[in-house]
Amino acid sequence: MRRRQQLLRVRGHSVAWVPPLALLVAIATVDWYTTGRFRIISWVVLVPGIAAAICGLWGTIVIALLAVLTYELEDHAWPHQFQIGLPDFILVVVGSVLAVLACAVRVRGEQRMLHMQDIAETIRRAVLRPLPPGWGGLDHAAVYLAADSVARVGGDFYDIQPGPHGTRILLGDVQGKGLGAVEAAAALLGAFREAAYHEPALRTIGDRLETRMVRHVHYGADAGRDEHDRFATAVLAGFPPTDPTHIEVVNFGHEPPLVVAADGVRSLPPGGGLPLGLAELADGQPPTLRVPLAPGETLLLVTDGVCEARNAEGEFYPLRQEVARAVAEDPRAAEPGRLVRLVRDGTLRHCGGHLGDDTTIFAVRRRPAATTR
């Protein structure tokens, strides 16, 4: 179904026809009440052009016909010696026809743009699927801000996957931008959703992700794309069903997550791993860390768009300090939804709304008496 134009709408109804119609009435009125030496009726040629810029195709056609009809009726209402005549009538007719053609081109371009936005939104939802409330026994909230506001999708990715071995979460950032980064993110998420459900060990899931990244790079190279330096930083975490006070974490070269609680903020250990796709440069996969996460504590994960946001003086966004200050002022700021909004607003405020990279903010914590679906 074609999406309707949203320009100049009041309560769902288009009022785009009001400005050109008001201008047409104004021109006709002024022309009627001036002397024969100052005729402006030929100015109605402007009216279809304005309609072409803001109205739909049929609205522009109606306005163009009204402009031609108004010119003809008003000009012939004057005595013969004051009539402007045929040359300006031709000007109004030609101007009206050109306005209709211009409107048709504009509307077609707008429909194409809306269609491309729908495609981008479908891709975004396919890569970053909507997560049901309480999915995997976790309270969660996420904000994704693409640096490309038109495409609305980039190389950041995150997901929650419950399974028989507990709930696993993943957040990462593919190196680079454009469709190549989106394809790599989709490949990693597909591998995560299967492995996180079936594999009992978090390390094995990490191995699967590494293998998938390497295979994706090889496929891109064989397909003639420049993918040789593609990699992804990521944080993989597991919530064991038998231990509600600890989580397991594997860090692939990503910014360490923060643990946010009502009494303060702490960083998880960095883990020392290399990004996905670069394991051959290290001795092996990064270690699986077992870290405490008490009930009521929130795990906050972000991508480079937050960590590398700069203000006008070139200073990085002080994420940990800002979160600690907010929690000290209001302990409820540690709730996932509030926390994500806090970091989003703080990041945008710090960089003046000019994001240099895709930005993802992801917060999760166990629900009381959480159960795996």
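In this predicted model, Glu248 has Arg290 of β10 as its bridge partner. That pair belongs to a ladder worth following: strand β7, residues 246–252, is joined to β10 by four bridges, and the two strands run antiparallel. Both are members of an open sheet of five strands, ordered β4-β5-β6-β7-β10 and paired in the antiparallel sense. Its edges are formed by β4 (156–161) and β10 (289–292), each of which pairs on one side only. From one strand to the next, the twist averages 20°.

Two helices accompany this sheet. Helix α5, spanning residues 178–198, packs on the sheet and touches β4, β5 (167–174) and β6 (232–239), with its direction at about 15° to that of β4. Helix α6, residues 202–222, lies across β5, β6 and β7 and runs at about 155° to β6.

A further open sheet of five strands follows the order β3-β12-β11-β8-β9, again with antiparallel pairing. Here β3 (138–145) and β9 (264–267) stand at the edges; each has a single partner strand, so one side of each lacks a neighbour in the sheet. Neighbouring strands are turned against each other by 20° on average, direction ignored. Within this sheet, β8 (residues 258–261) and β11 (residues 298–302) pair antiparallel over three bridges, and Val260 stands opposite Thr298 of β11.

This sheet, too, carries helices. Helix α8 (residues 319–329) packs on it, touching β8, β9 and β11, and its direction makes about 155° with that of β9. Helix α9 (residues 336–351) also packs on the sheet, where its contacts are with β3, β8, β11 and β12 (359–366); the angle between its direction and that of β3 is about 20°.

Turning to the cysteines, the count of disulfides comes to zero, with sulfur pairs required to lie within 2.5 Å. Cys103 is in no disulfide, as the nearest cysteine sulfur, that of Cys55, is 7.3 Å away. Cys103 counts as buried because its relative accessibility is 0%. Cys351 is likewise buried, with a relative accessible area of 10%.

Finally, some totals place these details in the whole chain. Its secondary structure comprises nine helices and 12 strands. Of the 373 residues, 45% are buried. The accessible surface comes to about 19,100 Å², and carbon and sulfur atoms account for 60% of that area. Among contacts between residues at least 6 apart in sequence, 71% join residues at least 24 apart.

Notes:
Residues numbered from 1 in each chain as written. Predicted model: local features only at pLDDT ≥ 70, side-chain atom pairs only at ≥ 80, totals over all residues. Heavy atoms only, no water. Buried < 20%, exposed > 50% of the residue type's maximum accessible area, 1.4 Å probe, protein only. Pairing = 2+ DSSP bridges. Axes fitted to C-alpha atoms, helices over the stretch in contact; angles between N-to-C directions. Contact = heavy atoms within 4.5 Å. Areas by Shrake-Rupley, 256 points an atom, 1.4 Å probe, with all protein chains shown as cover.
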